[in-house]
Amino acid sequence: MRIIPLLLVFSLFAQDAANAPAKSGTTGSIGTVTINGEIYNQLSLRPEIPIGKLGLGLDVYLYFNDKGMYWESWDFSSGGAAYRTIIDKIYYLRWGQPGENLYFKAGALPSVTLGQGILVNNYSNIMEYPQVRQIGLDFKAKISGVGIEIIHSNFKEASPGVIGMRSSLGILPKLSAGISYVTDLDQNAGLKDSDGDTYPDYYDFYPDDSLHYDGLADAQDDWEVLQPYLKDDADFNDWFEDSKYHNTYNLDEAKSDPISGLAFDATYSLSEKLTLYSQFGFLKGEITDPKDTLKTVSLGWGVVPIGARAKLGPINLLAEYRMGSRRFVFNYWDRAYDVNRIFVDASGVSTRENQLYLYGKLNGFYAQADMSVMNLFTLSSGYQYMKGEKWDKDLNKYETGETNKTFLSTISINPSLIPKVGKAEAFYQQSNVSNPFDFTPTTSTIWGYNLGIEVSSGVMLMYKASTTYITDLDNPGDYKPVESIQIETQFIF
């Protein structure tokens, strides 16, 4: 019977779309999605409703397969569950436009940069959408000459991956200064917990069963085999406590693992088309000293003595000279952060922070270009080249003469140039590697594409694919792909 009110909700949205102003629009889709490794059919409606400066985008959906409905996305069993169910259907809520005195967008954040980007640059909270739906915030305001920026990656979690704040002030007519603070309150919160029992899957013997987390059933099976060979006074509970089946993860003793960063910047506008800036940032946290595992060392700092932004016709250019100490990388919170915030490798659980020991003293440049080419396509590409030290695991020391490179690019082709193509775009990113053009994957690698084919008027077949990489536990040192494929038929009402 629960399906009836849900179908009524869908019908109401369809009616609203038919009566909405001309500027509003609604798309519907039928396709497939993978949740917790299981394939579901998807039926969704996505109305976009503009009301003056206010814009509201909803994503109302149903998941079902041969086993029935996926009801976890429509849970009204408690106040908290109802809140999560409702807020989960908001794709975005927007006021104003970037550059206005008041602008904010809540919900999906495709790309967010804080200040001049030394800490947070091109961060996105939708890299795992629709399997993972986050409700974030990008807020910008200017009050009495004071600029305020706030970033929050996910209000659905107590410990989101990114919380950032920035304040800026005009000192002279063309000169301004700003200060930014960013934190991840608990990197461990990024571990997957499929059944929501607060025991991460890595530690949970029954990751899909919220009522059990110990390997009790398996232990009892082994006990029945072993008991005839044990002493008469052998106690199962004592044996279980010391067995491999006992869960050593203790919720009460689990400690949070935060990381934060602080940055300062100054900008000077030479003209409307050319701005110079400088920025300094450092990361706050401690990791194990690679030379002595019994000690810890603090994280490092980075500085951009001189950077420039320029607009040349249809081209936006950015260039920076970069210098960094040991245990620091620029743009720590980037597009891939939610994917490699924390991961499992051969040694166990590891965070992105724990890998910072690999980077020594480095200096070099970063350049980025955003352009539209003769109405054929739009292209955004960035490239970093830095040279200096990198940690050599075999020699157990920093080696000089090493390079640290980053390449990221997004290209969108004007669909009107190709018959029946409604959308065609692709993206690629690989950060802090020796050569991103080797296309040898790491946990920083992300690539994918979105292709839409117009089947008929108002109907488009969408194929969305993205690939990230995780450590291959069966082959230490290698990485295996995690593919997300979404195929849906979109209807434009």
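**View 1. The second largest pocket holds about 1000 Å³ of space.** The model shown here and in the views that follow is predicted. In this pocket, 33 residues form the lining. Q355, L358, K393, T442 and Y479 are the closest of them to the pocket centre. Three strands, β18 (342-345), β21 and β23 (421-433), each supply at least two lining residues. β23 gives the most to this lining, with four residues. By class, the lining has 14 polar, twelve nonpolar and seven charged residues.

**View 2. The largest cavity encloses about 110 Å³ of space.** A search of the whole structure finds four cavities of 30 Å³ or more. The largest cavity has a lining of 14 residues. N331, D334, T406, L408 and S431 lie nearest its centre. Strands β22 and β23 each bring at least two residues to this lining. The largest share comes from β23, which supplies three residues. Eight of the lining residues are polar, three are nonpolar and three are charged. β23 also appears in View 1, where this strand gives the most to the lining of the second largest pocket.

**View 3. The second largest cavity contains about 80 Å³ of space.** Its lining is made up of 13 residues. Look for I90, Y91, Y129, R133 and Q134, which lie nearest the centre of this cavity. Here the lining divides into seven nonpolar, three polar and three charged residues.

**View 4. The largest nonpolar core has 35 residues.** Six of them touch the most other members: L119, V120, L283, Y332, W333 and L356. Five strands give two or more residues each to this core. They are β12 (259-271), β13 (274-284), β20 (359-373), β21 (377-392) and β22 (397-413). β20 gives the most, with three residues. Two of these strands recur in other views: β21 supplies at least two residues of the lining of the second largest pocket, and β22 supplies at least two residues of the lining of the largest cavity.

**View 5. V120 sits among the core residues that touch the most other members.** Neighbours within four places in sequence are left aside here. Beyond those, V120 is in contact with V112, T113, L114, I151, V182 and W333. W333 is itself one of the six core residues that touch the most other members. Another core lies apart from the largest one and has six residues. Among its members are V33, I35, Y40 and Y70.

**View 6. Strand β2 (residues 38-51) and strand β3 (residues 54-58) form a hairpin.** Two residues lie between the strands. G52, in the turn, has a positive phi of about 65 degrees. β2 and β3 pair in the antiparallel sense over four bridges. One of the bridged residues is P50, whose partner in β3 is G55.

**View 7. Strand β2 also pairs with strand β4 (residues 60-65).** The sense is antiparallel, and five bridges join β2 and β4. L45 has V60 of β4 as its bridge partner. Y40, one of the residues of the six-residue core, falls within the span of β2, residues 38-51. In a regular strand, side chains alternate between the two faces of the sheet.

Key
Residues are numbered from 1 along each chain as its sequence is written. This is a predicted model: local features need pLDDT of at least 70, side-chain atom pairs count only at pLDDT 80 or more; totals for chains, interfaces and linings use all residues. Side-chain values use heavy atoms; hydrogens and water are left out. Two strands pair if DSSP finds at least two bridges between them. A nonpolar core is a set of buried Ala, Val, Leu, Ile, Met, Phe, Trp, Tyr and Cys residues joined through side-chain atoms within 4.5 Å. Buried means under 20% relative accessible area, exposed over 50%, partly exposed in between (1.4 Å probe, protein chains only). Contact means heavy atoms within 4.5 Å. On a 1 Å grid over the protein atoms alone, a cavity is a set of points where a 1.4 Å probe fits but cannot get out, and a pocket is an open set with protein on both sides within 12 Å along at least five of seven lines; lining residues have an atom within 4 Å of a point. Grid points are joined across faces, edges and corners, and a volume is the space filled by probe spheres set on the points. Ala, Val, Leu, Ile, Met, Phe, Trp, Tyr, Cys and Pro count as nonpolar, Asp, Glu, Lys and Arg as charged, and the others, Gly among them, as polar.
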